[in-house]
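Visitor: Before we look at the model, could you explain each label by setting its value against its cut-off?
Guide: Gladly; let us take the labels in turn.

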Amino acid sequence: MSKSISKSPALTLENIMCCIFDIKPLDVAVYLTLLKNGPSRVSTIAQLLNRDRSTIQRSMQNLIRAGLVRRKQVNLRKGGYFYRYEAVPFSEVRSRILETIEEWRNEVRRWIEAIDRGELERYIEEYIKNK
């Protein structure tokens with residue numbers, strides 16, 4: 001059974017990645033572009049996405065912080081260097097997404113199961129008072 005990954009407006013890969021990794025939609029676009037094109041320089045990704053180099057550089061830093069991109073220094077023979085960025089394989093990202101969802105599910109389940117009648121009544125009173 002094959003389901004589209006963008007069938008529901010709220011359940012898109014972009015929305016899920018933004019939520020789980022605390023990144024922005026542009027960061028997801030940069031990650032997916034790297035995934036499609038392979039290891040690249042910032043300037044290449046900036047061209048492909050029609051964005052300023054500095055904007056893509058900030059996005060790369062967000063992705064490195066989130067553990068979705070790796071940076072490698074490439075030294076030039078005549079001196080100097082540049083950085084090449086590589087997307088973490090989607091299989092690893094998928095595993096992290098599924099682990100995070102499972103952790104959230106277990107935490108919510110424990111929290112809901114721990115609610116007793118007294119807590120529920122206090123919650124209802126507080127909820128109604130603040131509406």
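Guide: Tyr 83 has a relative accessible area of 26% and is called partly exposed, because that label covers values between buried (under 20%) and exposed (over 50%), taken with a 1.4 Å probe on protein chains only. This is a predicted model, in which local features need pLDDT of at least 70 and side-chain atom pairs count only at pLDDT 80 or more, while totals for chains, interfaces and linings use all residues. Residues are numbered from 1 along each chain as its sequence is written, and side-chain values use heavy atoms, with hydrogens and water left out.

Visitor: What makes Tyr 81 and Tyr 83 an edge-to-face pair?
Guide: Rings of Phe, Tyr and Trp (its six-membered ring) pair if their centres lie within 6.5 Å, and planes under 30 degrees apart count as stacked, over 60 as edge-to-face and the rest as tilted. The rings of Tyr 81 and Tyr 83 lie 5.5 Å apart, centre to centre, with 70° between the planes, so both conditions for edge-to-face are met.

Visitor: Why is the pair of Tyr 123 and Tyr 127 called stacked?
Guide: Their ring centres are 6.0 Å apart and their planes stand at 25°, so this pair is stacked. Both residues lie in helix α6 (residues 117-129), 4 residues apart, about one turn of the helix; helices here are DSSP runs (H or I, at least four residues), as strands are (E, at least two), numbered from the N terminus.

Visitor: Why is Tyr 123 called exposed, and why is Tyr 127 called partly exposed?
Guide: Tyr 123 has a relative accessible area of 52%, so it falls in the exposed class, whereas Tyr 127 is at 43% and therefore counts as partly exposed.

Visitor: How do you know that Arg 71 lies over the face of Tyr 83?
Guide: A charge sits over a ring if NZ of Lys or CZ of Arg is within 6 Å of the ring centre and within 35 degrees of the ring normal. Arg 71 lies over the face of Tyr 83 at 3.8 Å from the ring centre, and Arg 41 lies over the face of Phe 82, also at 3.8 Å from the ring centre.

Visitor: What makes the pairing of the Gln 73 and Asn 75 side chains a polar contact?
Guide: The two side chains meet at 2.8 Å, and a polar contact is a pair of N or O atoms within 3.5 Å, where within protein one must be able to donate a hydrogen and the other to accept it, and residues adjacent in sequence count only if both atoms are side-chain atoms. Gln 73 lies in strand β1 (residues 69-75).
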